[in-house]
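Biologist: Before we discuss any detail, could you put the sequence and the model side by side for me?

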Amino acid sequence: RTVALDNMTAIARSGQMVLNLLDSWTIGDVAVRQIIPQLIGLTTVSPEHVNQAGNMLNKSSKLAFAVLAQFQIENVLWNIHRELGLGTQDTGFYRCANEVITSLGANPDTMDILNTPAKIRNSLHSNGIHHRQHPSEVTSTDIRGVLYEFNDGQKVECASWEHIAHALEASVGVLEEIFCHPRIQSIPDPMFEQYAWEEATRP
């Protein structure tokens, strides 16, 4: 459980580092703006090349943030799914998360929260286009006053850094509720996680 949260923190800080670099590149003094192209290996320093490099760093870092953080959420929910005796990892994320939520008697509305970063992640894998997964899919979700809309075959407009961070923060809130559930609290620590176990026992 703590491994997933620690990893998400590291992923978020990595994204913040890139944003800090881009911010310094934009508003820093002359010395800062001169050294950054050298640090990233940009040999032709022109407005066009600077914009291209900045856009690449921004987009790839945002994609990594959405994908890697969501992977942590999915992995820990699969571990909980297994510990609750709900089966092995042979279904999609939605079914896994829904079975965990249902088994714990949690608020079913939390599924919309958990599924929002997953939808953003999926759209980024499709060059920003949302593809509906099932006919009854919810097309819009309000998370703490922020509206997320996902229309089949259309570009997703809620995949900014701010949207992704907000959705993931809300998902962490759902994880907190799950972790604090008495049935989950009763699972002995550490909860088995294959990669973490192999790393801890590596000679």
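**The core and its surroundings**

Biologist: Leaving aside its neighbours within four places in sequence, which residues is Ile73 in contact with?

Modeller: This is a predicted model, in which local features need pLDDT of at least 70 and side-chain atom pairs count only at pLDDT 80 or more, whereas totals for chains, interfaces and linings use all residues. Residues are numbered from 1 along each chain as its sequence is written, and side-chain values use heavy atoms, with hydrogens and water left out. With contact taken as heavy atoms within 4.5 Å, and sequence neighbours within four places set aside, the partners of Ile73 are Met8, Phe93, Leu114, Leu168, Ser171 and Leu175.

Biologist: How many residues does the largest nonpolar core have, and which element gives the largest share?

Modeller: A nonpolar core is a set of buried Ala, Val, Leu, Ile, Met, Phe, Trp, Tyr and Cys residues joined through side-chain atoms within 4.5 Å, where buried means under 20% relative accessible area with a 1.4 Å probe and protein chains only, exposed means over 50%, and partly exposed lies in between. The largest one has 39 residues, and Ile73, Leu77, Leu114 and Ile178 are those with the most contacts inside it. Two or more residues come from each of α1 (2-27), α3 (47-83), α4 (93-104), α5 (110-125) and α6 (161-179), helices being DSSP runs of H or I with at least four residues and strands runs of E with at least two, numbered from the N terminus. The largest share of this core, nine residues, is given by α6.

Biologist: Why is the pair of Phe65 and Trp161 called stacked?

Modeller: Rings of Phe, Tyr and Trp (its six-membered ring) pair if their centres lie within 6.5 Å, and planes under 30 degrees apart count as stacked, over 60 as edge-to-face and the rest as tilted. This pair joins Phe65 in helix α3 to Trp161 in helix α6, 96 residues apart, and both residues are buried. The ring centres of Phe65 and Trp161 are 5.7 Å apart and the planes are at 20°, so the pair is stacked.

Biologist: Which residue of β2 stands opposite Thr141?

Modeller: Strands β1 (residues 140-143) and β2 (residues 146-149) pair in the antiparallel sense over four bridges, pairing being assigned if DSSP finds at least two bridges. Thr141 lies with Ile143 on the covered face of β1. Opposite Thr141 in β2 stands Tyr148.
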